[in-house]
Amino acid sequence: LDFAVVLSKGVAGSLYGFRVLQHDQLGALEVTSVEPNSLLGRWNASNPGGTIVEGDYVVAVNGASGDARRMNDELRAADRVVLRGVKRADVAGWYIKARA
């Protein structure tokens, strides 16, 4: 995997600050946007070598993997998330290994 990121909301009602497209057949979430001043946007600014940007794929959320809907539900419900994922260029290789 290309990245692992931990985000904590801290304040009730706050958002992680990114949008995803749920790919059920792939079993992953594609990052479609990141708000610059959000939790993830601030993570990216502080970790230039480990950013999550538009086009990257989240392949696990809090240990849930292989089920895009479950991962999306976890993103909505959890106040703290551990995201694991791959860069767009590596998603085909990840998919082949995950299904082997």
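This is a short talk on a predicted model, taking in two helices, two salt bridges, a pocket and a couple of loop residues.

Okay, let's start with helix H2, residues 68–77. Which residues of H2 are buried? They are Ala 68, Met 71, Asn 72 and Leu 75. Those residues span an arc of only 100 degrees around the axis, so they sit on the same side of H2. If you turn to the face pointing away from that buried side, you find the exposed residues Arg 69, Arg 70 and Ala 77.

What do the buried residues of H2 pack against? Strands, and here they are: S2 (18–23), S3 (28–34), S4 (57–61), S5 (64–65) and S6 (80–86). One more thing on this helix, at its N-terminal end: Asp 67 acts as a cap there, with a side-chain oxygen 3.2 Å from the backbone nitrogen of Arg 69.

Now a quick look at helix H1, residues 39–46. Its buried residues are Leu 39, Leu 40, Gly 41 and Asn 44. The cover over them includes strand S1 (3–8), along with S2 and S3.

On to the salt bridges. How many does a search of the whole structure find? Two. Let me take them in turn.

In one of them, the side chains of Glu 30 and Arg 88 meet, at 3.2 Å from N to O. That pair links distant parts of the chain: Glu 30 is in strand S3, while Arg 88 is in the loop between S6 and helix H3 (91–99), 58 residues apart.

Is Glu 30 buried or exposed? Its relative accessible area is 12%, under the 20% cut-off, so Glu 30 counts as buried. The side chain of Glu 30 has another partner as well, since a polar contact of 2.8 Å joins it to the side chain of His 23. And if you leave out residues up to four places away in sequence, Glu 30 touches Arg 19, Val 20, Leu 21, His 23, Gly 55, Asp 56, Tyr 57 and Arg 88. Keep Asp 56 in mind, please, as that's where we go next.

Asp 56 makes the other salt bridge, with Lys 87, and the closest N and O atoms are 2.8 Å apart. Asp 56 sits in the loop between H1 and S4, and Lys 87 in the loop between S6 and H3, so this pair ties together parts that are 31 residues apart in sequence. How do the two ends compare for accessibility? Asp 56 is buried, with a relative accessible area of 3%, whereas Lys 87 is partly exposed at 26%.

What else is around Asp 56? Setting aside neighbours within four places in sequence, Asp 56 is in contact with Phe 3, Leu 29, Glu 30, Val 31, Thr 51, Val 86, Lys 87 and Arg 88. So both residues of the Glu 30 and Arg 88 bridge appear among the contacts of Asp 56. There's also a backbone partner: a polar atom of the Asp 56 side chain is 2.8 Å from the backbone nitrogen of Val 53.

That brings me to Val 53 itself. Val 53 is in the loop between H1 and S4, and it is partly exposed, with a relative accessible area of 36%. Which residues does Val 53 touch, not counting those up to four places away? Val 31, Val 34 and Lys 87. For a sense of distance, Val 53 and Ala 78 are 25 residues apart in sequence and 21 Å apart in space, C-alpha to C-alpha.

Next, a backbone oddity. Most residues other than glycine have a negative phi. Asn 62 isn't a glycine, yet its phi is positive, about 50 degrees. You'll find Asn 62 in the loop between S4 and S5, partly exposed at a relative accessible area of 32%.

Last topic: the largest pocket. How much space lies in it? About 340 Å³. The residues lining the pocket are Lys 9, Leu 15, Tyr 16, Gly 17, Phe 18, Arg 19, Val 20, Ser 33, Glu 35, Asn 72, Leu 75 and Arg 76. Which elements give two or more residues to that lining? S2 and H2 do. And that takes us back to the start, as Asn 72 and Leu 75 line the pocket and are also among the buried residues of H2.

Conventions: Residues are numbered from 1 along each chain as its sequence is written. This is a predicted model: local features need pLDDT of at least 70, side-chain atom pairs count only at pLDDT 80 or more; totals for chains, interfaces and linings use all residues. Side-chain values use heavy atoms; hydrogens and water are left out. Buried means under 20% relative accessible area, exposed over 50%, partly exposed in between (1.4 Å probe, protein chains only). Helices (H or I, at least four residues) and strands (E, at least two) are DSSP runs, numbered from the N terminus. The arc is that of the directions from the helix axis to the C-beta atoms. Contact means heavy atoms within 4.5 Å. A polar contact is a pair of N or O atoms within 3.5 Å; within protein, one must be able to donate a hydrogen and the other to accept it, and residues adjacent in sequence count only if both atoms are side-chain atoms. A salt bridge is a side-chain nitrogen of Lys or Arg within 4 Å of a carboxyl oxygen of Asp or Glu. On a 1 Å grid over the protein atoms alone, a cavity is a set of points where a 1.4 Å probe fits but cannot get out, and a pocket is an open set with protein on both sides within 12 Å along at least five of seven lines; lining residues have an atom within 4 Å of a point. Grid points are joined across faces, edges and corners, and a volume is the space filled by probe spheres set on the points.
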